[in-house]
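Got the viewer open and a selection box ready? Let's walk through the model one stop at a time.

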Amino acid sequence: MVEDEERLARALQRGLTAEGFVVDIAGTGPGGLDAARHGQYDAVILDVMLPGLSGYRVIQALRADGNWVPVLMLSAKDGEYDQADGLDAGADDYLTKPFSYVVLLAKIRALLRRGAPERPAVLRVGALTLDPASRRVSRDGDPVNLTLREYALLEYLMRRPGAVVSKIELLDHVWDASVDTDPNIVEVYVGYLRRKLGRGAVETVRGAGYRLAVTEPA
Ligand code: CA
């Protein structure tokens with residue numbers, strides 16, 4: 001989230017975190033551009049009026065780089081900035097301030113679904129099903145109760161079935177950048193997932209990381 005109004009940014013971060021998202025905040029245009037260039041974000045919420053570099057410039061620079069991360073622009077109410085400019089600059093959608101949090105959430109979800117074809121509305125891997133909209137997880141049709149962090153970890157793995165994901169990558173994507181977290185926490189949470197989903201659900205690839213089992217272990 002690139003937003004210089006700190007109270008708004010913090011409030012949105014709190015709300016989105018409660019929904020299971022991991023949110024990093026940048027308070028300036030150059031800071032946001034740098035974060036979007038170097039991080040791997042699923043979506044960017046981008047304010048138009050920012051110190052240093054406007055939201056338009058940020059998105060133009062991203063698109064010029066060939067970075068197609070889904071972007072939701074937040075535009076000012078007074079019409080000084082035309083929403084069409086944001087869309088022309090490469091935004092996927094926009095919201096006019098003040099906006100409803102519920103609408104923001106719906107738009108973010110829509111962007112995540114639409115953003116990349118490899119992101120279906122409901123994820124299925126082996127016996128596991130995960131619905132990002134309702135945050136419901138089931139195994140062989142039986143509901144599984146996960147904490148927010150366990151859910152975020154599983155979702156990240158389910159979006160990369162069969163791929164080996166390193167501990168550091170998981171730490172980057174599932175835990176906030178602002179928290180100085182011990183990489184061993186990843187191991188702890190993989191343990192929680194195994195307890196709830198079955199020992200074979202997440203494989204350890206020695207020296208490389210973890211992999212979600214694509215087929216059920218016998
Ligand atoms: Ca602003």
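**Strands, then a metal site**

Start by selecting E5 and strand E6 (residues 136-139), which pair in the antiparallel sense over four bridges. Strands here are DSSP runs of E with at least two residues, helices are runs of H or I with at least four, and both are numbered from the N terminus. Two strands count as paired if DSSP finds at least two bridges between them. Within this pair, look for Asp131, which stands opposite Arg136 in E6.

Before going on, a word on the ground rules: this is a predicted model, where local features need pLDDT of at least 70 and side-chain atom pairs count only at pLDDT 80 or more, while totals for chains, interfaces and linings use all residues. Residues are numbered from 1 along each chain as its sequence is written, and side-chain values use heavy atoms, with hydrogens and water left out.

Now add strand E4 (residues 123-125): E4 pairs with E5 over three bridges, in the antiparallel sense. Leu123 is the residue to pick, standing opposite Leu130 in E5. Two residues separate E4 and E5 in this hairpin, and Gly126 in the turn has a positive phi of about 55°.

Show side chains on E5 (residues 128-131). Which ones are buried? Leu128 and Leu130 are, pointing to one face, while Thr129 and Asp131 point to the other and are not buried. (Buried means under 20% relative accessible area, exposed over 50%, and partly exposed in between, with a 1.4 Å probe and protein chains only.)

Next, select E1, E2 and E3: they form an open sheet in that order, with parallel pairing. Strand E1 (44-47) and strand E3 (93-96) are at the edges with a single partner strand each, so one side of each has no neighbour in the sheet. Strand E2 (residues 71-75) is joined to E3 by four bridges; click Met73 and you'll find Tyr94 of E3 opposite.

Last stop: the calcium ion. Asp4 (OD), Asp47 (OD) and Met49 (O) coordinate the calcium ion at 2.1 to 2.3 Å. Donors are N, O and S atoms within 2.8 Å of the metal (3.2 Å for Na, K and Ca), and water is not among the atoms, so sites may look incomplete. Asp4 sits in the segment before helix H1 (6-18) and Asp47 in strand E1, so the pair ties together parts that are 43 residues apart in sequence. Colour by accessibility: Asp4 is partly exposed at 35%, whereas Asp47 is buried at 4%.
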